[in-house]
Every structure is written in C-alpha cells, then in structure tokens.
Amino acid sequence: MTLYPKTAELMARGAAFLGTEHAVLCGAMSWVSERHLVAAISNAGGFGVIACGAMTPELLDNEITATAALTDKPFGVNLITMHPALFDLIAVCARHRVGHVVLAGGIPPKGSVEAIKAFGAKVIVFAPTLALAKKLFRSGADALVIEGSEAGGHIGPVSTSVLAQEFLPELAADHLVFVAGGIGRGVSIASYLEMGASGVQLGTRFACATESIAHPAFKAAFFRANARDAVASVQVDPRLPVIPVRALRNKGQEEFTAKQIEVAKLLDEGAVDMAAAQLQIEHFWAGALRRAVIEGDVERGSVMAGQSVGMVSKEEPVAVIMDELMRECEAALTRA
Ligand SMILES: Cc1cc2nc3c(=O)[nH]c(=O)nc-3n(C[C@H](O)[C@H](O)[C@H](O)COP(=O)(O)O)c2cc1C
C-alpha cells in the first residue's frame, strides 16, 4: 500500500521504467553525484544517477562497484557525449550491467545509443527542441528529459514551463518524458504529472542533503542563497558558442568572463581552433566546480545551483526531502 496513491498512479509509467517506487530522478551533478548521494537517492525510492563527468573508465568502474555496494536498488550512469573515451565508458557500464544510461551534453554521437542498447540498458537523452526529441525517439532513445533554464549547471535558453507546454502534449501519450529545472516543491511535481510527464528530475534540491559529500562551505552557500543569486553566465564573444552555466554569483563567475576574453584572443591570434577553445572553456568549468564542491572555495569556484536554491534552507537526509516532496505532490493532486 502506497502512502501516495494519486502520485503513484500518475508516476506509474515512469516508476516502472526506472524500476523505482517514485518516478523521481536525482539528476547527475559532477563531483556531487557520487556513490553516497546516488545510493541514498535510490534507497529512498528515487533514481540516483552517477555523474561520470570527466572520470576515466577506471574511476567510473570503481564508482559503479562502490555504489552497488551501498544499494541493491536501481541506479543509472550519466555520460557526457563529448567525453573522448565515451565508448570505453559505455563498455564499463556494459560490464556492470547498468540498467539505464543518461547521455548528456549534446547530440549522442553515431553508434552510442546502439552500443548502450546492445547490452540491454535503457537510454535516456536530453533534447533542446521538439524536432530533435522526435528524432532521438526514432533512433531508439527510451526516455527524454526536458530541462528548463531554471536548472543548475549547463542550461538552455527556454524555461521549464514553456518546454513542458511545448513537448508534453506532443510526446507524453506515446513516450516517457521527465521534466527538470526549477522544481523545489511537490506542488510543481504534481503540475507536471498532470500535464502528462512520466516523472521529474531534480538536482539543486538534493545537492546539499546530509548524504551529499559537498563541502560544508558549499552547502552553507546554498542555504544562504535566494533564487535571484543563481545567475546564468554571460557569453562575451559571439564566435565562442559558450553554453551558459547557472551558478551562484561570485568572483568565479567574473573570472569566467575573463577566461572567455582570453580564449577569444587566442582564437584571434590563431593559437587555438574552435574545438580547442571550447574544450578550454569546459575544462575551466570542471575545475571550478571541483574547487567549490570538494575544496569549499565558494568565492572562486563554481557553485552551480538552480533557481530553486532559495527553497533549500537546511541539511536534511534524502529520505526526508523525498518524503516531503511526495507528501506535497499528493496533497496538491488530492486538492485538485
Ligand atoms: C552542482 C550541479 C552540477 C551538475 N552537473 C551536471 C552534470 O555533470 N551532468 C548533467 O547532465 N547535469 C548536471 N547538472 C544538472 C542536473 O543533473 C539536473 O538536471 C538539474 O540540477 C535539474 O534542475 P534543478 O537544479 O533546478 O533541480 C548539474 C546541476 C548542479 C546543480
């Protein structure tokens, strides 16, 4: 008997797909979504996802083994499509019989979806436009995450509410679609479920849970921040197609602006090509996020956070957060 029957009914398709009690994914967060947070999410009835980020195949191998030692519930692995060893990382997932692989950071390269499906795993993708979403489903994707610009980390230009109105009526009847970006309370989960979503994905709300290994200073910065403090980075040079990143306003964000000017100058001088320039930018982020999450340098590191950060005010165990979200969602659906 579930405590949340209306929620369970609307989440049934998503939960069956994930193999979980609740159709709630904790989106992969580089440095944050490692064994402890991932296992805690899955143990609380949600779906934890390991953030592979820039990990080598050996590190990913260790992380999957360590996570499996902490939970017997399903969890997934998030791979960044531009990782140079993408196919080796897929092979690691295959060896561990990972059930779900999330492909993030761009259009999946040729053969990657097939390589994942070949060992029986489900493929979850992101798509910024409806046309691309349809194409990815035709090419074998099993589920889609639509992520609005309210989210923490790398973001697109369109808000979650607009993406939901655009994508869900077209796709939700025949496909699994999870909604992400700006979800802080269960009432918002209820609204997306009623629009046809199979489930939701949250990051910011779980990033500073008790089980998260994020540095105490990183967590304190989250608890202090309001929605308006989580700002998107600006693009300095129109030639450099920098994907905006939403993070708490600090010195690190100013340094990113300076870094872009520096890289643009290297482009002008012909010292780097566009691919190398973009890689330099991505390396900057990976290093800056590590500085904030692991070392606690919240002034010069990147404190990636979504606008729902204003609804994160204290450290709580994942199970408490999950229960609150489900209770709020059920209350909203019952009122309706
Ligand atoms: C600190 C942080 C790091 C993140 N790192 C990644 C990542 O490595 N890969 C990824 O696909 N998404 C990443 N994200 C996005 C989350 O997976 C998730 O989709 C997003 O946080 C959902 O929106 P919300 O923050 O409004 O809940 C990150 C988000 C945060 C807050």
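**Overall fold, domains and selected residues**

Of the contacts in the protein chain with a separation of 6 or more, 64% are made by residues 24 or more positions apart. The structure shown above is a predicted model. Its secondary structure comes to 13 helices and 11 strands. The radius of gyration of the protein chain is 19 Å, close to the 20 Å that the globule rule gives for 336 residues, so the chain is as compact as a globular protein of that length. The C-alpha trace spans about 65 × 45 × 40 Å along its principal axes, and buried residues make up 50% of the 336 residues.

A helpful next step is to look at the domains. The domain assignment divides the protein chain into domain 1, covering 5–213 + 311–335, and domain 2, covering 226–304. Between the C-alpha centres of domain 1 and domain 2 there is a distance of 25 Å. The two domains meet through 10 residues of domain 1, which are in contact with 12 residues of domain 2. On the side of domain 1 that touches domain 2, five residues are nonpolar, five are polar and none is charged.

The ligand comes next. Around the ligand there are 28 residues, of which Gly27, Gly152, Gly153, Gly203 and Gly306 come nearest. By class, the residues of this shell divide into 12 nonpolar, 13 polar and three charged. Strand E9 and helix H9 (204–207) each supply at least two residues of the shell. Helix H9 gives the most, with three residues.

Two helices show how parts of the chain pack together. In helix H8, which runs over residues 186–194, the buried residues are Gly186, Ser188, Ile189, Ala190, Tyr192 and Leu193. These buried residues pack against three helices, namely H1 (5–18), H7 (160–171) and H13 (318–335), and against strands E8 (176–180) and E9 (199–202). Strand E9 is thus a point of overlap in this account: the buried residues of H8 pack against E9, and E9 also supplies at least two residues of the shell around the ligand. Just after H8, Gly196 takes a positive phi of about 115°.

Helix H4, residues 86–95, has Leu86, Leu89, Ile90, Val92 and Cys93 as its buried residues. Seen down the axis of H4, these buried residues fall within an arc of 155°, so they line one face of the helix. The partners against which they pack are helix H3 (57–70), strand E3 (75–80), strand E4 (100–104) and helix H5 (112–117).

The end of H4 leads to a residue with a notable backbone angle. Most residues other than glycine have a negative phi. Just after H4, however, Arg97 takes a positive phi of about 55°, although Arg97 is not a glycine. Arg97 is placed in the loop between H4 and E4. With 11 other C-beta atoms within 10 Å, Arg97 is exposed. Trp31 likewise has a positive phi, near 70°, in a residue other than glycine. The place of Trp31 is in the loop between strand E1 (24–26) and helix H2 (35–43). Unlike the exposed Arg97, Trp31 counts as buried, with 20 C-beta neighbours inside 10 Å.

Helix H3, one of the partners of H4, also offers a good place to look at individual residues. Thr67 is found in H3 and is buried, with 23 other C-beta atoms within 10 Å. Leaving aside residues up to four places away in sequence, Thr67 touches Arg35, Val38, Ala39, Ile50 and Phe75. Thr67 and Leu202 are 135 residues apart in sequence, and their C-alpha atoms are 20 Å apart in space.

Met55 lies in the loop between strand E2 (47–51) and H3. Although placed in a loop, Met55 is buried, with 22 other C-beta atoms within 10 Å. Not counting residues up to four places away in sequence, Met55 touches Leu60 and Glu63. The C-alpha atoms of Met55 and Ile294 are separated by 15 Å, while the two residues are 239 residues apart along the chain.

Methods. Residues are numbered from 1 along each chain as its sequence is written. This is a predicted model: local features need pLDDT of at least 70, side-chain atom pairs count only at pLDDT 80 or more; totals for chains, interfaces and linings use all residues. A residue is buried if 20 or more other C-beta atoms lie within 10 Å of its own, exposed if 12 or fewer, and partly exposed in between; C-beta atoms are placed from the backbone. Helices (H or I, at least four residues) and strands (E, at least two) are DSSP runs, numbered from the N terminus. Two residues are in contact if their C-beta atoms, placed from the backbone, lie within 7 Å. The arc is that of the directions from the helix axis to the C-beta atoms. Domain bounds come from an automatic or database domain assignment. Ala, Val, Leu, Ile, Met, Phe, Trp, Tyr, Cys and Pro count as nonpolar, Asp, Glu, Lys and Arg as charged, and the others, Gly among them, as polar. A residue is near a molecule or strand if its C-beta atom, placed from the backbone, lies within 6 Å of it. The radius of gyration is taken over C-alpha atoms; the globule rule is 2.2 Å times the number of residues to the power 0.38.
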